[in-house]
Each structure stands twice: as C-alpha cells, then as structure tokens.
Amino acid sequence: MSKTLRVAVTGAKGKMGQEVVKMVLQEADFQLVVAIDPSSAGVDAGVLVGKEPCGVIVQADLDQALRESAADVLVDFTIPQVVMDNVRTAIRHGVRPVIGTTGMSPADIEEIDNLLKEKAIGGLIAPNFSIGAILMMKFAAQVAKYMPHVEIIEYHGDQKLDAPSGTSIKTAELIAANRQELRQGNPHEHETIDGARGGYYNGFRIHSVRLPGVFAQQEVVFGGYGQTLKIRHDSYERAGYMPGVAVAVRKVMDCTGVVYGFEHFID
Ligand code: NAP
C-alpha cells in the first residue's frame, strides 16, 4: 500500500483552499495535518468546509504549525503578497510546496528552485491545474509554429488580484518558445485610450477582462491570411481543479527542484 501523505493547506478558508481541504479529507492516501487561515483560527477545518469535524484546528501561524506536524506537502492557494513567505517557511521545514497561487515573478520561481535544491526536495508551481486548460496551452503552443500572429483574451471575476492571469502568462511563455519574436500590428498604431491594446508580451498582446459573474475562461486567437483560429477553454467551478491538485501532491514527492507548470506532471 502507498504511504499516507501528510498534507498542510494554506488559505484554507479561501474559495480554492476550501476545495483543497475537502479533497484532502476525501482521498484515502492523504491525511490533513495542518490548515492555515489567519481569519478562521480556532475553527475545526472540517466544519470550516461544511463537513463533519476532522480534529484539525485551523491555525494562523504556519511556522509554528509545521514545526509540530511532520507534513510532507503544503498546498498553497492564498494571495500573491503572502505566498513567498509561506513557501520559504515550508521549504525550511523540508515540506514540498504545491503552489496554485498566481502572480509569482520569474525571480520568485528562481528563488524557490534554489531553496528546493539546497534541501534536495521538489516543488510545483502550477498556474492552472485543469486538464482542459493544460491542453489549451499545448494546442496553442503547437499552432504558434504555423500561425505566429496571436492575441490572448482571458476572463476572470472582478475580484481577482493579479492581471494578466497566471494561465495567460504561462500560455504566452509556451507560445513564445515556439515562434520567433514578432512585433505584431501596425508599427504606427497608437492608443487613444491607455491600455486599449492590452499588455505586451514578446511582440503580442494579452487582454484581461474582469467582470462579476465570470469564473475563468481564456481564448487564444490566431490570425493568418483570410482565416482565424480560436482555442477556448472555460472553467465553471473550482472543484474541477482538484483532481489535478491530488495528482500534484503525489507526484511532487518524486522530484527535486521546481517544476513550473502542471503539464509536466501529466503525459
Ligand atoms: P480567496 O478566496 O481570496 O482566498 C485566499 C485565501 O488566502 C483567503 O482565505 C485568505 O484569508 C487567505 N490568506 C491570506 N493571507 C494568508 C496567510 N498569510 N496565510 C494563509 N492564508 C492566507 O482566493 P481564491 O479564489 O481561493 O484564489 C487563491 C489563489 O489561487 C489566487 O492567486 C488565484 O489566482 C489562484 N487560483 C489558482 C488556480 C490554479 O489552478 N492554479 C485556480 C483558481 C485560482 P483571509 O480571508 O482570512 O484573509
């Protein structure tokens, strides 16, 4: 029988964090050992997510909690301002981070890679854990070889903190790796309203739509002579990310250094 993995969750009260707590309580080979959320300290983590009490009390201090927990993996869905501190704390305790929080910079990723290698453990940074979104990114990277003119339009709820989304940045990076840098559009174009053409990345544009009622969607639009090709992915609910998070918790045990992108954990 496989070893039971001891899992810590930061951001346990958050929208994603609650789904992670439910998933960890449900999976037979996972044991929830730590749940952190500053504004819900003292509450049973099971009760926090609308389930039976599970005996794990939500705490505010990750460092203190990890000292006593012998956790194997930390799953973090928090906010860009705190994720790096959480990850540094986890690695210091020899706990492998699985990071869903978006908005991390290339310098953050490099720092995490160095810290992980010093401890000879692995970690995952995944801007998107959904299989459909991973396929959208892979298809987009393939198309970019043949149709290099592209724009990305991503749609999220109006309370999202970072823009553009982590998924759109990851998609842009994969596209950039598959085509020559190409500054698109009319060289003489100018914006009558600032930002009208979206964010600039490697010659192309990323547009971030933020509206109430929207969950998470992305379109990658390619234009060629007399034709366009659109690749679109729609996420409808947070539970859809959890099978991916469960795979990540298991697979992160077997790697060293940072893995950036959930696509590396699936065939
Ligand atoms: P959310 O509902 O705002 O949750 C964030 C949670 O983090 C809140 O419960 C907040 O607690 C908590 N938090 C703040 N400071 C903390 C700290 N120091 N330690 C522990 N927890 C802390 O946001 P969400 O919708 O769950 O999204 C969370 C992140 O996941 C975002 O970056 C989002 O972009 C990302 N995301 C990633 C994926 C993916 O597939 N990778 C999918 C969806 C979302 P308080 O309320 O107490 O402040």
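## A walk through a predicted model

Asp 72 lies in the loop between helix H3 (62–67) and strand E3 (73–76). Helices (H or I, at least four residues) and strands (E, at least two) are DSSP runs, numbered from the N terminus. The model is predicted, so local features need a pLDDT of at least 70 and side-chain atom pairs a pLDDT of 80 or more, whereas totals for chains, interfaces and linings use all residues. Residues are numbered from 1 along each chain as its sequence is written, and side-chain values use heavy atoms, without hydrogens or water.

**The loop of Asp 72**

Is Asp 72 buried or exposed? It counts as buried, because its relative accessibility is 10%; buried means under 20%, exposed over 50%, and partly exposed in between (1.4 Å probe, protein chains only). The side chain of Asp 72 makes a polar contact of 3.0 Å with the side chain of Lys 3. Such a contact is a pair of N or O atoms within 3.5 Å; within protein, one must be able to donate a hydrogen and the other to accept it, and neighbours in sequence count only through two side-chain atoms.

Ala 70 is also placed in the loop between H3 and E3. This alanine counts as exposed because its relative accessibility is 53%. Its phi is near 50°, a positive value in a residue other than glycine.

**Other backbone features**

Most residues other than glycine have a negative phi, and most peptide bonds are trans. Ala 120, in the loop between helix H5 (106–119) and strand E5 (122–125), has a positive phi, near 55°. With 54% relative accessibility, Ala 120 is exposed. Which residue has its C-alpha atom 5.7 Å from that of Ala 120, although their positions lie 136 residues apart along the chain? It is Thr 256, found in the loop between helix H8 (242–251) and strand E11 (257–260). Thr 256 counts as exposed, at 54% relative accessibility.

A cis peptide bond, with omega about 0°, joins Ala 163 and Pro 164. Pro 164 is in the loop between strand E6 (150–156) and helix H7 (166–176).

**Two buried residues**

Gln 218 belongs to strand E9 (residues 216–224). It is buried because its relative accessibility is 3%. Its side chain makes a polar contact with the side chain of Thr 171, at 3.0 Å. A polar atom of the Gln 218 side chain also lies 3.4 Å from the backbone nitrogen of Ser 168.

Met 23, in helix H1, is buried too, with a relative accessible area of 6%. The C-alpha atoms of Met 23 and Ala 126 are 17 Å apart, and the two residues are 103 residues apart along the chain.

**Around the ligand**

How many residues surround the ligand? There are 23, and the closest are Met 16, Asp 37, Ser 39, Thr 102 and Ala 126; a residue is near if one of its heavy atoms lies within 4 Å. Helix H1 (15–26) and helix H4 (80–92) each supply at least two residues of this shell. Some polar atom pairs are listed here.

| Ligand atom | Protein partner | Distance |
|---|---|---|
| nitrogen | polar backbone atom of Gly 100 | 3.1 Å |
| oxygen | side-chain N or O atom of Thr 102 | 2.7 Å |
| nitrogen | polar backbone atom of Pro 127 | 3.1 Å |

Taken alone, the ligand exposes 930 Å², of which the protein buries 77%; accessible areas come from the Shrake-Rupley method with a 1.4 Å probe, and for residues only the protein chains shown count as cover.
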